[in-house]
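This briefing walks through helix packing, salt bridges and a few individual residues, and it is best read with the structure open alongside.

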Amino acid sequence: MKSIKVALAGAGAFGTKHLDAIRLIDGVDVVSVVGRELAKTKEIAARYGIGHVTDDLADSLALPEVDAVILCTPTQMHAAQAIACLKAGKHVQVEIPLADSLADAVAHLQMQTGKVAMVGHTRRFNPSHQWLHEKIVAREFALQQMDVQTYFFRRTNVNALGQPRSWTDHLLWHHAAHTVDLFAYQTRGDITVANAVQGPIHPVLGIAMDMSIQLKSSTGAICTLSLSFNNDGPLGTFFRYIGDTATYIARYDDLCNGKDEPIDVSEVAVSTNGIELQDREFFAAIRDGREPNASVAQVLPCYRTLDQLERQLARQAT
């Protein structure tokens, strides 16, 4: 089996999660790493045994041995970098979100090149959500309501490791994207209603620190999503699935019922790590020459809904 050679751009908190995941996948080698701070990037490259280090994605794209690129760079760079990867003849996986605006151009270019273009909508791959998806597809569980809390304590511009960021995160285009896409994926319907309100704009960061979103699917199911960067308490995203036969609570890769009793999801896939499963799907799609789950084309409806919500919030502000 020919090894898939990968370049990883953005060796920060999330990039290293991909590097750890790829170590567990046979037939895949990271041969190049791109980082804004070259000294730190060289340290990471040495830790993972990566030979090529650069602060310019174009250098990695020029390497003929590179087959695919994983982008873990700032949100505002995602769409342009994905387009650059496809134009260079590379398969690409873009960490969520695909963009901070509509990104139809990426989908059009993917169709022209025939390369695999996938977005890191990890919730599709977490064993907890996969277990529920199988129940829904088998008609053993009908989702009536999804109640979601996405909470962080991030009043300064730092990443998940508490390190300063060179860019600003966004509740709508990043964190809401997970739930908007997952809700459509789990209901297997179209989002027909989408409403949003937001709290005050942070005077330094220039973003809303609190937001509430309501969604309705063509199946009749509803979703309520609460998001905050102000929450000084339990952090992360927690999904409550309320259905016709049961209630479930998903916390990343873990799942329990409505009484907080754990459910074994270890048999759902070859791993219980959502990032690893996401990466496995990307590389399997490259080998099989097929469209991956969470392809750019599949997640575009999510970004159209986010665009609709952004325009709605802009009207409220005037």
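Does Asp104 count as buried, partly exposed or exposed, and what is its relative accessibility? Asp104 counts as partly exposed, because its relative accessibility is 23% and the cut-off for buried is under 20%. The model is a predicted one, and the points below take up the setting of Asp104 together with other salt bridges, two pairs of packed helices and some single residues.

**Salt bridges**

- The structure holds 12 salt bridges, and one of them joins the side chains of Arg304 and Asp104 at 2.9 Å, N to O.
- That pair links distant parts of the chain, with Arg304 in helix H9 (residues 296-317) and Asp104 in helix H5 (residues 104-113), 200 residues apart.
- Arg304, like its partner, counts as partly exposed, in its case at 41% relative accessibility.
- Asp67 forms a salt bridge with Lys2, in which the closest N and O atoms are 3.7 Å apart.
- Here too distant parts of the chain are linked, since Asp67 lies in the loop between helix H3 (57-61) and strand S4 (68-71), while Lys2 lies in the segment before strand S1 (4-9), 65 residues apart.
- Asp67 is partly exposed, with a relative accessible area of 21%, whereas Lys2 is exposed, with a relative accessible area of 60%.
- Arg124 and Asp181 meet through their side chains in a salt bridge of 2.8 Å, N to O.
- Arg124 sits in the loop between strand S6 (117-120) and helix H6 (127-137), and Asp181 sits in helix H7 (residues 171-187), so that the pair links distant parts of the chain, 57 residues apart.
- Both Arg124 and Asp181 are buried.
- Arg36, Glu37 and Lys40 are joined into one network by salt bridges that share partners.

**Helix H1 and its packing on helix H8**

- Helix H1 (residues 13-22) packs with helix H8 (residues 274-288) at an angle of about 70 degrees, their axes being 9 Å apart.
- H1 is therefore roughly perpendicular to H8, a term that covers angles from 65 to 115 degrees.
- The crossing in which H1 passes H8 is right-handed.
- On the H1 side the meeting residues are Phe14, Lys17, His18, Ala21 and Ile22, and on the H8 side they are Ile275, Glu276, Gln278, Asp279 and Phe283.
- Sorted by class, this contact of H1 with H8 has five nonpolar, two polar and three charged residues.
- H1 is mostly covered, with seven of its 10 residues buried, namely Ala13, Gly15, Thr16, His18, Leu19, Ala21 and Ile22.
- These buried residues of H1 pack against S1, strand S2 (28-34), helix H2 (38-48), S4, strand S5 (91-95) and H8.

**Helices H4 and H5**

- Helix H4 (residues 78-87) and H5 pack at an angle of about 10 degrees, with 10 Å between their axes.
- H4 is therefore roughly parallel to H5, as angles under 35 degrees are counted that way.
- Ala79, Ala82, Ile83, Leu86 and Lys87 in H4 meet Ala105, Val106, Leu109, Gln110 and Thr113 in H5.
- The residues of this contact between H4 and H5 divide into seven nonpolar, two polar and one charged.

**Individual residues**

- His18 has its place in helix H1 and is buried, with a relative accessible area of 0%.
- Apart from neighbours within four places in sequence, His18 is in contact with Leu8, Ile70, Cys72, Gln93, Glu95, Ile275, Gln278 and Asp279.
- His133 is found in helix H6 and is also buried, with a relative accessible area of 15%.
- When residues up to four places away in sequence are not counted, His133 touches Tyr185, Gln186 and Arg188.
- Asp169 lies in the loop between strand S7 (143-151) and H7, and at 3% relative accessibility Asp169 counts as buried.
- Asp169 and Arg154 are 15 residues apart in sequence, and their C-alpha atoms are 9.6 Å apart in space.

Technical notes. Residues are numbered from 1 along each chain as its sequence is written. This is a predicted model: local features need pLDDT of at least 70, side-chain atom pairs count only at pLDDT 80 or more; totals for chains, interfaces and linings use all residues. Side-chain values use heavy atoms; hydrogens and water are left out. Axes are lines fitted to C-alpha atoms, for helices over the stretch in contact, and angles run from 0 to 180 degrees between N-to-C directions. Helices (H or I, at least four residues) and strands (E, at least two) are DSSP runs, numbered from the N terminus. Angles under 35 degrees count as roughly parallel, over 145 as roughly antiparallel, 65 to 115 as roughly perpendicular and the rest as oblique. A crossing is left-handed if the near helix is turned anticlockwise from the far one by less than a right angle, and right-handed if clockwise. Contact means heavy atoms within 4.5 Å. Ala, Val, Leu, Ile, Met, Phe, Trp, Tyr, Cys and Pro count as nonpolar, Asp, Glu, Lys and Arg as charged, and the others, Gly among them, as polar. A salt bridge is a side-chain nitrogen of Lys or Arg within 4 Å of a carboxyl oxygen of Asp or Glu. Buried means under 20% relative accessible area, exposed over 50%, partly exposed in between (1.4 Å probe, protein chains only).
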